[in-house]
Amino acid sequence: MALWVVRNCRIANFYRKSAFCTKGRAHINTRIVDVYKLEPVGSHLSIKGWVKAMRKMKDIVFIDIIDGSCLEGLQVLISKSKQPKTLTYGAAVEAAGSLQMNKNGQLELAAEDLTVVGPCIVIDGYPFAPRKSYSPDYVRQFLHLRPRTSTFGALLRVRDAASHAINEHFRNNGYIHIHTPILTSNDSEGAGEIFRVIPDNENLVKEMAKDGMSFDEAYFDSKTYLTVSGQLHLEAVVRGLSKVYTFGPTFRAENSRSRLHLAEFYMVEAETAFIESLEELVKVMENLIKDVTSKIVGKCTDDVRTLRSAAGNEDSLLSVLEKPFEVMTYEEAIDILDRHSGNFVSQVERGQGFGKEHELYLVKHAGGCPVFVVDWPHDIKPFYMKQSLQDVSKVFKVIRLR
């Protein structure tokens with residue numbers, strides 16, 4: 001353990017500005033994101049990554065290198081006389097030299113040495129060509145290469161930033177992280193949309209099955225499923241810890257192939273004891289969304305812009321953070337939808353839930369701001385929803401629309 005701590009202290013020090021070497025000293029491997037953050041012009045350093053593109057001009061070879069630490073690559077210059085014969089697009093390389101600012105105001109590395117640490121034989125079937133775009137379905141076929149593409153790389157970095165921001169928000173607000181089980185005997189949603197878990201070894205199941213017990217119950221002595229929610233576990237723990245949350249994989253066996261219904265996804269759930277009003281609960285949710293969004297945009301500005309552009313959405317997310325979220329009752333939402341019924345393919349009736357087109361319209365009606373719909377009829381919501389103190393026919397159900 002002591003060795004692990006010492007090694008990580010040394011690694012952490014590599015990314016401080018003082019860690020970049022001056023001329024004549026040994027090279028230190030540096031992440032490209034740290035090069036752009038610190039801009040240590042004149043320093044000698046070494047980077048490792050993959051060749052994103054190559055251009056040859058007279059006696060100089062220009063190489064764009066990415067390492068996955070950020071969206072942007074770093075341009076590396078090297079003399080043709082020092083160019084390795086195995087240097088190609090897609091190759092894994094290490095480049096060492098001096099960092100400089102070119103006439104266009106861009107950072108670039110004047111390499112004194114460039115080594116191919118992993119060659120790429122393009123003619124043997126490398127699936128990507130430089131400066132060419134590919135559809136997501138095509139890229140997904142190559143699991144080991146897709147993180148090098150701009151879109152998938154951006155997506156993975158944003159997910160990482162989101163996970164960190166979520167955990168940081170709850171920790172800063174006094175919540176305790178509870179690791180709720182993935183294998184459980186509970187169907188907390190009660191809708192039967194669950195994946196059942198049994199061993200694949202039939203002989204093992206037969207050996208473990210007790211008299212009068214089905215094979216589904218043989219291994220765990222009860223039917224066991226992949227979790228659909230950690231809610232029931234949190235509701236038990238919150239009675240002793242006051243503020244708890246969980247953030248982990250969730251599974252739903254729904255009859256749908258659309259992107260709106262995933263078989264596996266990560267879900268954030270939280271429970272807080274002693275909340276006295278619906279307004280207080282709504283504010284907790286709004287603060288979480290705004291804080292996490294702000295941190296993601298701040299850390300992954302270029303990545304967020306790339307993903308939103310790929311989705312055809314150029315609007316800024318920052319507008320969501322600048323105004324309070326809309327809160328309306330179910331009755332107010334129904335009145336809005338009734339007044340604009342001509343905009344919908346499927347009409348919604350009072351006393352029913354909303355379809356996706358209705359939810360999207362309510363967000364549009366609120367100026368693109370997230371919307372909380374509260375005070376729902378208790379007849380269309382689960383039995384465990386808390387009754388409204390003002391109207392017993394309503395429940396304190398909060399639906400966030402975005």
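In this predicted model, Thr 227 is buried, its relative accessible area being 5%. Thr 227 is placed in the loop between E8 and helix H6 (231-241), and, when neighbours within four places in sequence are left aside, its contacts are Pro 181, Ile 182, Thr 184, Pro 249, Thr 250 and Phe 251. One of these contacts, Ile 182, also contributes, together with Leu 183, Met 208, Tyr 219 and Phe 220, to a nonpolar surface patch of about 420 Å². Within this patch, Tyr 219 belongs to the loop between helix H5 (202-208) and strand E8 (225-226), and its relative accessibility of 41% classes Tyr 219 as partly exposed.

Three strands form an open sheet in the order E6-E9-E10, and the pairing is mixed. Strand E6 (176-177) and strand E10 (264-272) occupy the edges, each having a single partner strand, so that one side of each is left without a neighbour in the sheet. Helix H4 (residues 150-172) packs on this sheet and touches E6, E9 and E10, with its direction at about 155° to that of E9. Strand E9 (residues 243-251) and E10 run antiparallel and are joined by nine bridges, and Tyr 245 is found opposite Ala 270 in E10.

The structure contains 16 salt bridges. Among them, Arg 157 pairs with Asp 303, with the closest N and O atoms 2.9 Å apart; this pair links distant parts of the chain, since Arg 157 lies in helix H4 and Asp 303 in helix H8 (residues 301-310), 146 residues apart. Both partners are buried, Arg 157 at a relative accessible area of 15% and Asp 303 at 5%. In the salt bridge between the side chains of Arg 55 and Asp 64 (3.2 Å, N to O), Arg 55 is partly exposed at 26%, whereas Asp 64 counts as buried at 19%.

A further salt bridge joins Asp 338 to Arg 350, the closest N and O atoms lying 3.3 Å apart. Asp 338 is in helix H10 and Arg 350 in the loop between H10 and H11, so the pair ties together parts that are twelve residues apart in sequence. Asp 338 is partly exposed at 39% relative accessibility, as is Arg 350 at 45%, and these two residues are linked with Glu 331 and Asp 335 in a network of salt bridges. The loop between helix H10 (330-339) and helix H11 (356-365) also holds Phe 344, which is buried at a relative accessible area of 9%. Beyond its neighbours within four places in sequence, Phe 344 contacts Leu 337, Glu 357, His 358 and Tyr 361; the C-alpha atoms of Phe 344 and Glu 357 are 6.9 Å apart, with their positions 13 residues apart in sequence.

Methods. Residues are numbered from 1 along each chain as its sequence is written. This is a predicted model: local features need pLDDT of at least 70, side-chain atom pairs count only at pLDDT 80 or more; totals for chains, interfaces and linings use all residues. Side-chain values use heavy atoms; hydrogens and water are left out. Two strands pair if DSSP finds at least two bridges between them. Helices (H or I, at least four residues) and strands (E, at least two) are DSSP runs, numbered from the N terminus. Contact means heavy atoms within 4.5 Å. Axes are lines fitted to C-alpha atoms, for helices over the stretch in contact, and angles run from 0 to 180 degrees between N-to-C directions. Patches are made of residues with over 30% relative accessible area and no salt bridge: like charges are joined within 9 Å, nonpolar side chains (Val, Leu, Ile, Met, Phe, Trp, Tyr) within 5 Å. Accessible areas come from the Shrake-Rupley method with a 1.4 Å probe; for residues, only the protein chains shown count as cover. A salt bridge is a side-chain nitrogen of Lys or Arg within 4 Å of a carboxyl oxygen of Asp or Glu. Buried means under 20% relative accessible area, exposed over 50%, partly exposed in between (1.4 Å probe, protein chains only).
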